[in-house]
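Work through the exercises below with the sequence and the coordinates open. Each task is followed by a solution in steps.

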Amino acid sequence: IGIRTPALESLAQYGFLGVQAFFVISGFVIAITCQDRGVREFVSARFVRLFPAYWICCALTLACLALAGNAPFQMPEAPCIALNLGMLNSFFGCDYVDPVYWSLAIELQFYAMMALLLWSGLMRRLFGVTLVWTLLSALPLLRSQSAVLADVYLASEAMWAPFFSCGMLLFLIRQEGPRPRYLAGLALAWTMAAYYISQDVLSLRGASVPGAPISPALGIGLFSAFMVVMLLISLDRLGLRSAGWTRLCGGTSYPLYLLHHLAGITLLSRCRGLVPDGMLMA
């Protein structure tokens with residue numbers, strides 16, 4: 001859209017790692033919310049947290065598309081919109097209302113897995129679950145694998161397992177302390193997360209910022225710095241406490257994510273020239 005922020009571009013091109021960081025936070029927080037809850041209570045709480053804001057933001061995004069015409073994005077067809085409202089479109093090969101909504105389908109499947117663990121009583125075996133899931137994520141490193149394992153890898157969304165597993169292992173460390181097996185599991189999940197981040201970064205090399213080539217090492221470094229902070233939080237070494245401003249940030253982060261891409265880019269492209277670029281970006 002022609003708006004440049006040279007001072008931020010070299011670092012901002014790693015912003016896509018926010019999704020991976022979010023999956024780590026989700027693994028940590030959702031494991032906490034599963035404590036002393038039944039399946040019905042868990043599902044109800046997740047529904048209330050996920051869907052109302054999603055429906056409102058879908059409506060705002062569609063309204064933005066309608067008001068802006070078909071540039072730079074196109075209005076999806078009605079059946080596609082209906083499937084999007086249930087977050088079911090990816091299972092029917094239908095496009096997302098906003099491309100960034102792809103992560104919500106992954107999150108929804110993680111919720112389903114946690115509900116299954118609650119229903120089956122396997123929450124008591126959370127470490128074993130994270131270990132198996134993380135090991136499944138290593139299947140692409142094998143030179144050969146059976147068709148059955150390949151299907152399990154895809155069905156379990158194992159490419160995202162290291163990130164959710166990092167969060168769940170941080171939860172176990174928070175609850176029971178830094179036991180050697182938890183630290184070993186975290187090291188394994190962290191390593192596999194670094195592998196997937198390196199692959200993601202390499203896939204984006206053709207779209208890197210001119211004069212600031214994207215680097216797998218820097219991508220891994222940024223994620224690792226985030227993980228160090230998360231580990232310190234789980235060990236209660238930072239002395240962080242809930243406050244009004246933290247709850248405000250937590251409450252607005254989800255709808256901001258839902259609106260920042262399609263509605264944000266549409267707003268930037270339509271309003272450029274009406275106000276200075278710096279003010280528009282802010």
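**Exercise 1. Salt bridges**

Task: State how many salt bridges the structure holds, and describe the pairs R37 with E41, E176 with R179, and R272 with D277.

Solution.
Step 1. The model is a predicted one, and the structure holds four salt bridges.
Step 2. The criterion is a side-chain nitrogen of Lys or Arg within 4 Å of a carboxyl oxygen of Asp or Glu.
Step 3. One of the bridges joins the side chains of R37 and E41, with an N to O distance of 3.8 Å. Another joins E176 and R179 at 3.3 Å, N to O. In the pair R272 and D277, the closest N and O atoms are 3.7 Å apart.
Step 4. Assign the exposure of each partner. Partly exposed applies between 20% and 50% relative accessible area. E41 is partly exposed at 45%, and R37 is partly exposed at 29%. R179 is partly exposed at 39%, as is E176 at 36%. R272 has a relative accessible area of 40% and is partly exposed; D277, at 27%, is partly exposed too.

**Exercise 2. A charged residue without a partner**

Task: Locate D98, find the nearest side chain of opposite charge, and list the contacts of D98 beyond its sequence neighbours.

Solution.
Step 1. D98 sits in the loop that runs between helix 4 (78-85) and helix 5 (102-120).
Step 2. Side chains of opposite charge can pair when their charged atoms come close. D98 has no salt bridge although it is buried. The nearest side chain of opposite charge is that of R270, 16 Å away.
Step 3. With neighbours within four places in sequence left aside, D98 is in contact with L258, H261, L262 and A263.
Step 4. Two of these contacts, L262 and A263, belong to helix 12 (residues 262-271) and are buried. Also buried in helix 12 are G264, T266 and L268.
Step 5. The buried residues of helix 12 pack against helix 3 (39-68), helix 11 (244-260) and helix 13 (277-281).
Step 6. After helix 12 comes G273, which has a positive phi near 100 degrees.

**Exercise 3. Cysteines**

Task: Search the structure for disulfides, then decide whether C166 and C249 are bonded or too far from the closest cysteine sulfur for a bond.

Solution.
Step 1. The search of the whole structure gives one disulfide. Its partners are C80 and C94, with the sulfur atoms 2.5 Å apart.
Step 2. C80 is in helix 4 and C94 is in the loop between helix 4 and helix 5, so the disulfide ties together parts 14 residues apart in sequence.
Step 3. C80 has 8% relative accessibility and counts as buried. C94 is buried as well, at 17%.
Step 4. For C166, the closest cysteine sulfur is in C34, at 18 Å, which is too far for a bond. C166 is buried, with a relative accessible area of 0%.
Step 5. For C249, the closest cysteine sulfur is in C57, at 16 Å, again too far for a bond. C249 is partly exposed, with a relative accessible area of 42%.

**Exercise 4. The surroundings of V24**

Task: Place V24 in the secondary structure, classify it as buried or exposed, and identify its contacts.

Solution.
Step 1. V24 is part of helix 2 (residues 17-33).
Step 2. The relative accessible area of V24 is 0%, so V24 is buried.
Step 3. Apart from neighbours within four places in sequence, V24 is in contact with F163, C166, G167, L170, F223, F226, M227 and M230.
Step 4. C166, one of these contacts, is itself buried.
Step 5. As a distance check, the C-alpha atoms of V24 and I3 are separated by 31 Å, and the two residues are 21 residues apart along the chain.

**Exercise 5. A nonpolar surface patch**

Task: Which residues make the nonpolar surface patch, and which helix gives the most to it?

Solution.
Step 1. The patch is made by F47, V48, W55 and L85, and its area is about 360 Å².
Step 2. Helix 3 gives the most, with three residues.
Step 3. L85 lies in helix 4.
Step 4. A patch residue needs over 30% relative accessible area. L85 is partly exposed at 34%.

Key
Residues are numbered from 1 along each chain as its sequence is written. This is a predicted model: local features need pLDDT of at least 70, side-chain atom pairs count only at pLDDT 80 or more; totals for chains, interfaces and linings use all residues. Side-chain values use heavy atoms; hydrogens and water are left out. Helices (H or I, at least four residues) and strands (E, at least two) are DSSP runs, numbered from the N terminus. Buried means under 20% relative accessible area, exposed over 50%, partly exposed in between (1.4 Å probe, protein chains only). Lys and Arg count as positive and Asp and Glu as negative; His and the chain ends are not counted. Contact means heavy atoms within 4.5 Å. Patches are made of residues with over 30% relative accessible area and no salt bridge: like charges are joined within 9 Å, nonpolar side chains (Val, Leu, Ile, Met, Phe, Trp, Tyr) within 5 Å. Accessible areas come from the Shrake-Rupley method with a 1.4 Å probe; for residues, only the protein chains shown count as cover. A disulfide is a pair of cysteine sulfur atoms within 2.5 Å.
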